[in-house]
Amino acid sequence: MQTLPESWRPVLAEELTADYYAALTAFVDAERAAHQVFPPEAEVFSALEATAYDDVKVLIVGQDPYHDDNQAHGMCFSVRPGIKVPPSLRNIYKELGTDLGLTVPNNGYLMPWAEQGVLLLNTVLTVRAHEAASHKGQGWERFTDAVIKSVNDREKPVVFVLWGAHARKKAALIDTGRHVIVEGAHPSPLSAKKFFGSKPFSQIDAALEKMGHDKIDWQIPNIEQ
């Protein structure tokens, strides 16, 4: 497994020496030896690389990496430039238009959010190609719960974004006396009717302003393709 980014090592060091993490590493290595696994090994911790521990202002909880070719690159909802924007992200862009009046970009690369302190964390960090949820229950959930808890333990307040039933279960890990939770329906086509009109982005920005943080510039720029 790829090495953890330096800023996260002190708060996650105990996880890396736990028995479950050794078993998880062995499982993922065996899966890569026998099958195609997404994202590539070098991108498993991309979200943690893109947003340092002390820089997290918003934590968006995703679920499983995209499982089709060339989609997953280690950040929830995001795809690299040149890859077709998946349905859930299309719905996120649609809500951004309704909520904040932003235009739909020509790409699904969410790195500009990550660079502003938005941690795009899936709860499972790998998946077998074309088999959704195939790495569920192997230990990733315990690891990513530790990531959420480590952010919760910080003195600086954070906005946690929990979309859908899976993410909303993580509310139990969050101290709402210090932090803010923005929750609602998942942006997938299955629940988009409830997601549309929920105005999560203006809620996030209002919470950040109360915390004394700068708001996020949610407009993803167009990329020459």
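**Exercise 1. Work out the strand order of the open sheet and find its edges.**

Start with the order: four strands form an open sheet, β3-β2-β5-β6, with parallel pairing. Strands here are DSSP E runs of at least two residues, helices are H or I runs of at least four, both numbered from the N terminus, and two strands pair if DSSP finds at least two bridges between them. Next, the edges: β3 (118–121) and β6 (180–184) each pair on one side only. From one strand to the next, the twist averages 15°, with angles running from 0 to 180 degrees between N-to-C directions and axes fitted to C-alpha atoms, for helices over the stretch in contact.

A note on the model before going on: it is predicted, local features need pLDDT of at least 70, side-chain atom pairs count only at 80 or more, and totals for chains, interfaces and linings use all residues. Residues are numbered from 1 along each chain as its sequence is written, and side-chain values use heavy atoms, leaving out hydrogens and water.

**Exercise 2. Describe how β2 joins β5, and what packs on the sheet.**

First, β2 (residues 58–61) and β5 (residues 159–163) run parallel, joined by four bridges. Within this pair, Leu59 stands opposite Phe160 in β5. Then add helix α6 (residues 140–152), which packs on the sheet and touches β2, β3 and β5; contact means heavy atoms within 4.5 Å.

**Exercise 3. Describe the meeting of α4 and α9.**

The axes of α4 (residues 87–100) and α9 (residues 200–211) come within 8 Å and cross at roughly 65°. Now the residues: Ile92, Glu95, Leu96, Asp99 and Leu100 in α4 meet Pro200, Phe201, Ser202 and Asp205 in α9.
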